[in-house]
Amino acid sequence: MSGLAVTRLNVSHGAIHALHDITFSVEPGQLAAVIGSNGAGKTTLLRTLSGLKDASSGAAQWENREMLGVKPEDLVRRGISHVSEGKSVIPELTVKENLVLGGIWRGDKADTAQAIEEVVELFPRLGERMSQSADTLSGGERQMLAIGRALVSRPKLLLLDEPSLGLAPLVIEQIFQTVDHLRHKLGLTVVLVEQNAMSALEIADIGIIINLGHVVATGKAKELIDDPALRAAYLGY
Amino acid sequence: MQKVIETLLIGLTTGSIYALMSLALVLVWRSTRVINFAQAGQAMFATYIGFEISSRSGIFWLGLLFAIVGGALLGAGVDYFFMRVLFKHANTGPAAVVAPVIATLGLLGLIRSVVGLTWGGEFKTIEAPASTDGYTIGSTTIPFSALNALIIITVSIILIGLALLFQRTNLGLALRASAYAPEIAKLAGIRTAQTRTIGWAIAGGVGGVAGMLVTSNNFLSPYSLDLLLVFGFIAAVIGGLESMVGAVIGALVLGIGLTFILNYVGTSLVFIGGFTVLILVLLIKPDGIMAKGKGRRA
């Protein structure tokens, strides 16, 4: 097992026990959708995996090496990129600067330029706005920029936190299609956190359903979609 | 009319030195969210190093170089050995808000004592790198001297250098990103703690230049840069604390404004003028003259 393996992970916010014994694994190249309602602990899970938040116990390994207790900037160097909640771009910087930022740590300007070209190919609208400040972008464009910045770091594992949040249905569709396309093209392993259960499960290989900090179901995405009990209880349709 | 131009030129000189101190304070504030009162002490220490080198070698510019390097090393050291530890231990509640500010005040006192013990309290002078006699045009001599011109040129070069560093290099991008959004910068792979220390080093070096330039026209003592800190701070507030361009504009406005008060009203009102400006800005436009419509991002 060389992908992502999370074992009995516990995380607390002060006195509040936010995640209880979370266990799941994602094989290399798979897309795992983490589904759950608001406050289920999805964002906390991703923030813990990317090193932004400390776990209280448990283990999480990527390519058989421990991730917990490692700083986010060091995890980036191990191929893990986290696109955090709420369109994580820096509004004071230009679109181009936001993209370049993802490549600085590699110290390879030529390859960063190449990676940016690939991002622009993927999201032509960013190409038209390279010298504008990120502040001027629409919500969808910001999400594209946030994903683009992560791609410039040339990740192997992409952690995506609610890319659909606050976007119009058409834009959401486009973002999900792009994520699907990307992971096949680049062979990315993806953990996609979503409230938008149906759209996420449609492009996912496996699904992990979280409720109040507990994993309540895991399985192949198709089977989860087809399970009437789960649909009624957690997927809300 | 001639007096107006003279006042403008002298004000520009004064303001350009304030600009350096103001920039140093803004650089630290942006990256660390601390008003670094020790900046005056760091600059003073750097200036004493510059004083030693320039008085031994007789070369002002060699002294300036050492003041920059010394100021930068001290700035980096303060962040690395002092602020990092402090933030680790006082990171929640009221202590997290108050401790850093009190700590920088304490550090100011500490540096002052060390300097006093090392160099003594008496006034030192650094020989100016250019004539302090005013230029003579026709039959009149104006107060603006070759030294004033040299100060403006030196500050301009440093400002252009900083602008290029911040706008055109990856280090500059990393510095800005870490200041605006440290979490996103980390997720993009930036080592924000290191970057912050580099920011403190740049601020320290810039403060060293400010100290040397002020002293080239004045005396050096363990207290001689306190005024520079006060006016640099007022300039930074005028500029909104967040913006480096604002810091420079605020400093030039303040320098020119105070020189006008000095020349037209009198010495006694310079201080009152400075603080009146500070209070007016805080009351009317607390986000500074550079602030856009929206409020400052935390």
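A residue counts here as exposed if 12 or fewer other C-beta atoms lie within 10 Å of its own, and as buried if 20 or more do. With that in mind, the tour can begin, bearing in mind throughout that this is a predicted model.

**First stop: helix α7 of chain A**

Select residues 169-186 of chain A, which form helix α7, an element of 18 residues that reaches 26 Å from its first C-alpha to its last, close to the 26 Å expected at 1.5 Å a residue. Within α7(A), colour A:Ile175, A:Phe176 and A:Val179, which are buried. If you then look down the axis of α7(A), these buried residues fall within an arc of 95 degrees, so they line one face of the helix. An α-helix has 3.6 residues a turn, so residues three or four places apart point the same way.

Now turn to the face of α7(A) that points away from the buried side, where you will find the exposed residues A:Leu170, A:Gln177, A:His181, A:His184 and A:Lys185. To see what lies over the buried residues of α7(A), add α6 (139-152), β7 (157-161), β8 (189-194) and α8 (197-203) of chain A, which are included in the cover. Before leaving, select A:Gly187, which comes just after α7(A) and takes a positive phi of about 65 degrees.

**Second stop: the open sheet of chain A**

Two of the strands just shown, β7 and β8, also belong to an open sheet of 6 strands in chain A, whose order is β6-β7-β8-β3-β9-β10 and whose pairing is mixed. At the edges of this sheet stand β6 (80-83) and β10 (214-220) of chain A, each with a single partner strand, so one side of each is left without a neighbour in the sheet. On average, neighbouring strands of the sheet are turned by 15 degrees against each other, direction ignored. Zoom in on β6(A) and β7(A), which run parallel and are joined by 4 bridges, and look there for A:Ile80, which stands opposite A:Leu157 in β7(A).

**Third stop: β4 of chain A and its partners**

Select strand β1 (residues 4-13) of chain A together with β4(A), and you have a pair that runs in the antiparallel sense over 5 bridges, with A:Asn10 opposite A:Ser57 in β4(A). On to β5(A), which also pairs with β4(A) in the antiparallel sense, here over 2 bridges, and where A:Glu66 stands opposite A:Gln61.

The hairpin of β4(A) and β5(A) has 2 residues between the strands, and in it A:Glu63 takes a positive phi near 50 degrees. A:Asn64, in the loop between β4 (57-62) and β5 (65-66) of chain A, likewise has a positive phi, of about 65 degrees, although it is not a glycine. A:Asn64 counts as exposed because it has 9 C-beta neighbours inside 10 Å.

**Last stop: where chain A meets chain B**

Show both chains, and select the 20 residues of chain A that are in contact with 15 residues of chain B. On the chain A side, the elements that give two or more residues are α2 (72-77) and α3 (95-101), and α2(A) gives the most, with 4 residues. Coloured by class, this side of chain A has 9 nonpolar, 6 polar and 5 charged residues.

Finally, cross to helix α6 (residues 170-180) of chain B, whose buried residues include B:Leu173, B:Leu175 and B:Arg176. The cover over the buried residues of α6(B) includes α3 of chain A, together with α1 (2-32), α5 (146-168), α7 (182-187) and α8 (192-215) of chain B.

Note on methods. Residues are numbered from 1 along each chain as its sequence is written. Chains are lettered from A and ligands numbered from 1 in the order in which they are written. This is a predicted model: local features need pLDDT of at least 70, side-chain atom pairs count only at pLDDT 80 or more; totals for chains, interfaces and linings use all residues. The expected span of a helix is 1.5 Å times one less than its number of residues. The arc is that of the directions from the helix axis to the C-beta atoms. Two residues are in contact if their C-beta atoms, placed from the backbone, lie within 7 Å. Ala, Val, Leu, Ile, Met, Phe, Trp, Tyr, Cys and Pro count as nonpolar, Asp, Glu, Lys and Arg as charged, and the others, Gly among them, as polar. Two strands pair if DSSP finds at least two bridges between them. Axes are lines fitted to C-alpha atoms, for helices over the stretch in contact, and angles run from 0 to 180 degrees between N-to-C directions.
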